[in-house]
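Let us go through this model by question and answer, with the sheet taken before the ligand.

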Amino acid sequence: MALLEVAGLTKRFGGFTAVDGVSFSVAEGEILGLLGPNGSGKSTTFNCIAGMLRPTSGSVKLAGEEIAGLTADATCRRGIGRTFQIPRPFRGLSLLENAALAAHYGAGGHIGREEAWRRARDALRLAQLPEDPDATTQGLGAAGLKKLELARALATQPKLLLADESLGGLDAGEMRQAAQMLKRIRDERGITIVWVEHIMGVLLSVVDRVVVLDHGAVIFQGTPQDAQEDAKVAEVYLGPPEARAA
Ligand SMILES: Nc1ncnc2c1ncn2[C@@H]1O[C@H](COP(=O)(O)OP(=O)(O)OP(=O)(O)O)[C@@H](O)[C@H]1O
Ligand SMILES: [Mg+2]
């Protein structure tokens, strides 16, 4: 059975349709790349799955159970962790406290203080951040803040991780590192991942499958290899053939 099944998902803002009948599924243990140019509806799709937004229509099933319309805290307790494109950590708290707070709201219901610290340290280790209780967000660059987003999501002990990465702010080495980190999280922990990105390059090296959105609709589903050869995918990324440089 698919861990996540999205069917006919639609989100309208007034007269504007940001997500337009999107359907895809994610198998347990898979890394799916959700691609598409700026404004194509990737983050809105995540927001509808994870309950930050209520879908206008459509179905979202987690392990066969309908979750469309549930609130963000409810989807989190059921095992959906997510990172946000724009990191907003608690600046006054240590890295460990940021992760521990997330652990308290995560899967499995109420946990004690010791267990929250344990989950927080484990998540920081996985995200390659210091577990030192004195380490703060001060001096974390774009890559560090993305790692903290990841640590906070991991501390909730998700079955499904929705990573709104958008590696735009990172250099090539940092992008490769971020991609390898997601792969390790899947390989070592068996966490199923949907990775949102608008840059195709590094994503294609680690994902099992790709879904491409354009103007809120799915225009391609398939292997990363086939995505690179698909005419419609090339068009949304590079423009029409006649407009491309020779
Ligand atoms: N709350 C909102 N109200 C109105 N329009 C919105 C809202 N949220 C998103 N949109 C619009 O919906 C469209 C899809 O936005 P979304 O953020 O999902 O794109 P995206 O694929 O994540 O883009 P990016 O790659 O830039 O992150 C955009 O045109 C955006 O302006
Ligand atoms: Mg986005």
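The turns below deal with the sheet, one of its strands and the surroundings of the ligand.

Tutor: This is a predicted model, in which local features need pLDDT of at least 70, side-chain atom pairs count only at pLDDT 80 or more, and totals for chains, interfaces and linings use all residues. Residues are numbered from 1 along each chain as its sequence is written, while chains are lettered from A and ligands numbered from 1 in the order in which they are written.

Student: Which strands stand at the edges of the open sheet?
Tutor: Strands here are DSSP runs of E with at least two residues, and helices are runs of H or I with at least four, numbered from the N terminus; two strands pair if DSSP finds at least two bridges between them. The six strands follow the order β6-β7-β8-β3-β9-β10, with mixed pairing. Each edge strand has a single partner, so one side of each is left without a neighbour in the sheet, and these strands are β6 (80-83) and β10 (217-222).

Student: How many residues of strand β8 are buried?
Tutor: A residue is buried if 20 or more other C-beta atoms, placed from the backbone, lie within 10 Å of its own. Thr-192, Val-194 and Val-196 point one way and Ile-193, Trp-195 and Glu-197 the other way, and all are buried. For β8 (residues 192-197) the count is therefore six of six.

Student: Which residue in β8 is the bridge partner of Asp-164?
Tutor: Strand β7 (residues 160-164) pairs with β8 in the parallel sense over five bridges. In β8, the partner of Asp-164 is Val-196.

Definitions and conventions. Buried ≥ 20, exposed ≤ 12 C-beta atoms within 10 Å, placed from the backbone.
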